[in-house]
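Student: Could you take me through one part of this model slowly? I'd like to see how two pieces of the chain sit against each other, and then look around from there.

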Amino acid sequence: MTQAGRSAEGLLARRLLLLVVMYAAARAAFLTAHLDLYRPDTAVAVGWAFVRGLRFDLSAIAYANIPFVLLSLAPARVQERAGWQRGLMALFVAVNSACAWVMVADIEYFRFTGTRVTSEVLALRGEALAQADQFLVNYAPFVLLSLAFTGALLLLYPRATAPLRRTAWPRAAATALGIIALVAVATRGGLQKKPLRPIHAFAQGEHELGILTLNSVFTLVRSPRDRQVEPVAFFPADADAAARLRAPFGVEARPPVPQNIVLIVLESFSNELWGATGSGSGLTPFLDSLATAGRFFADNYANGRRSIDALPSILLGVPHLMQRALARSAYEGNEWIGLGHLLEQAGYHTSFFHGAPKGTMYFDALAALAGIRDFYPLERYPKA
């Protein structure tokens with residue numbers, strides 16, 4: 001089949017499809033280098049990580065190639081110029097080679113961080129440039145793999161070897177607008193309630209599978225540029241903190257008793273509404289009955305001012321310490337030990353019920369990060 005009469009849109013689609021294959025190959029390289037992280041019984045889940053990763057790949061590809069796509073939508077008479085096509089190819093190879101190099105470098109960098117690369121790596125660019133010669137020698141296999149990706153882009157880049165099909169300007173304009181709309185949707189990660197973020201990759205519940213689902217270009221682009229949280233220590237050792245927590249209540253370690261555990265999370269609730277506080281207005285008769293049957297702490301303080309801060313505080317033990325919420329911070333891809341993980345170790349099955357659509361305040365992803373196995377958003381509630 002010759003390329004005569006092929007549309008510019010079809011040529012653009014073939015070029016972008018090459019990038020989809022490249023990102024999948026980079027993910028396969030990451031899996032091969034870190035195969036020890038994945039058990040044989042997770043083979044099916046690993047396969048699904050590749051499928052779910054396509055969404056993150058399309059977002060990264062669309063974001064990185066916005067200029068290339070726009071230039072590829074020029075009229076056919078312009079695109080038929082040899083100089084224009086050479087410029088498109090140079091832009092395509094340069095931008096996506098850089099993306100490939102980032103993904104390959106992160107295969108090894110992951111061993112030091114335990115998470116995909118974020119914008120904080122930019123702070124190391126001075127040291128990296130100073131030691132570039134050592135990197136080239138010590139990590140020669142990764143350099144060769146990066147060069148292989150660049151070579152593949154050069155060799156496999158679909159070229160316009162025949163005149164492109166020309167269409168009337170109204171149809172061409174409509175097609176261009178449609179492609180721009182698709183690129184915008186892909187960059188956003190879909191039409192869901194919240195734009196796609198790295199935290200969504202961990203909805204499977206396993207940190208390693210979430211890491212495999214992501215790609216380094218996406219995490220680098222999506223990670224915030226805020227200053228990182230500076231470490232603070234309020235106690236000299238963990239034992240001192242534990243002693244302070246036990247002392248006021250005389251609580252000592254006891255063998256666990258297997259009972260059902262229910263956490264009730266209330267939105268925008270204050271002490272003044274609790275009858276159990278003695279000074280409240282008595283609007284919570286059921287909760288007041290629970291307070292009389294157990295231990296009630298009348299002095300309580302908010303760990304955040306917004307709904308998005310609630311789950312990190314309650315399920316991960318991380319109060320609101322930054323201007324940016326944890327679910328939108330540079331730490332969203334970190335591995336966490338949450339309440340769900342601890343309960344699972346004790347033999348519990350965990351579920352989270354949320355009376356709002358899936359994706360609201362990233363509650364589904366935060367619950368998964370905390371080890372909660374089943375998430376029930378509003379869509380899974382029985383219809384009245």
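Are helix 1 and helix 8 roughly parallel or roughly antiparallel to each other?

Tutor: Sure, and keep in mind that this is a predicted model. Find helix 1, residues 8–33, and helix 8, residues 140–156. The two pack at an angle of about 160°, and their axes are 11 Å apart. An angle over 145 degrees counts as roughly antiparallel, so helix 1 and helix 8 are roughly antiparallel to each other. Their crossing is right-handed.

Now zoom in on the side chains that meet there. From helix 1 come Leu-18, Leu-19, Met-22, Ala-25, Ala-26 and Ala-29, and they meet Leu-145, Phe-149, Leu-153 and Leu-156 of helix 8. Sort that contact by class and you get ten nonpolar residues, with no polar and no charged ones.

Let's hold that picture up against another pair. Helix 2 covers residues 43–64 and helix 9 covers residues 169–188. Here the angle is about 125°, and the axes are 7 Å apart. That angle doesn't go over 145 degrees, and it isn't in the 65 to 115 band for roughly perpendicular either. Helix 2 and helix 9 are therefore oblique to each other. The crossing of this pair is left-handed. On the helix 2 side, the contact is made by Leu-58, Ser-59, Ala-62 and Tyr-63, while helix 9 brings Val-183, Ala-186 and Thr-187. By class, the contact of helix 2 with helix 9 has five nonpolar residues, two polar ones and no charged ones.

While you're there, click on Ala-184, which also sits in helix 9. Ala-184 and Tyr-63 are 121 residues apart in sequence, yet their C-alpha atoms are 8.5 Å apart in space. Ala-184 has a relative accessible area of 46%. Buried would need a value under 20% and exposed one over 50%, so Ala-184 is partly exposed.

Next stop: His-207, in helix 10, which runs over residues 207–213. With 10% relative accessibility, His-207 counts as buried. What does His-207 touch? Setting aside neighbours within four places in sequence, His-207 is in contact with Gly-114, Phe-202, Gly-333, Asn-334 and Glu-335.

One more spot deserves a look, and it's about backbone angles. Most residues other than glycine have a negative phi. Met-361 goes the other way, with a positive phi near 55°. Tyr-362 isn't a glycine either, and its phi is also positive, at about 60°. You'll find Met-361 in the loop between strand 1 (351–353) and helix 16 (363–369), and Tyr-362 lies in the loop between strand 1 and helix 16 too. Their surroundings are worth checking: Met-361 is partly exposed, at 29% relative accessible area, whereas Tyr-362, at 3%, counts as buried.

Finally, zoom all the way out. The chain has 16 helices and two strands. Of its 384 residues, 36% count as buried. The chain exposes about 23,000 Å², and carbon and sulfur atoms supply 63% of that. Among contacts with a separation of 6 or more, 70% link residues 24 or more positions apart.

Terms used. Residues numbered from 1 in each chain as written. Predicted model: local features only at pLDDT ≥ 70, side-chain atom pairs only at ≥ 80, totals over all residues. Heavy atoms only, no water. Axes fitted to C-alpha atoms, helices over the stretch in contact; angles between N-to-C directions. Helix = DSSP H or I, 4+ residues; strand = E, 2+ residues; numbered from the N terminus. Parallel < 35°, antiparallel > 145°, perpendicular 65-115°, else oblique. Left-handed = near helix turned anticlockwise from the far one by under 90°. Contact = heavy atoms within 4.5 Å. Nonpolar A, V, L, I, M, F, W, Y, C, P; charged D, E, K, R; others polar. Buried < 20%, exposed > 50% of the residue type's maximum accessible area, 1.4 Å probe, protein only. Areas by Shrake-Rupley, 256 points an atom, 1.4 Å probe, with all protein chains shown as cover.
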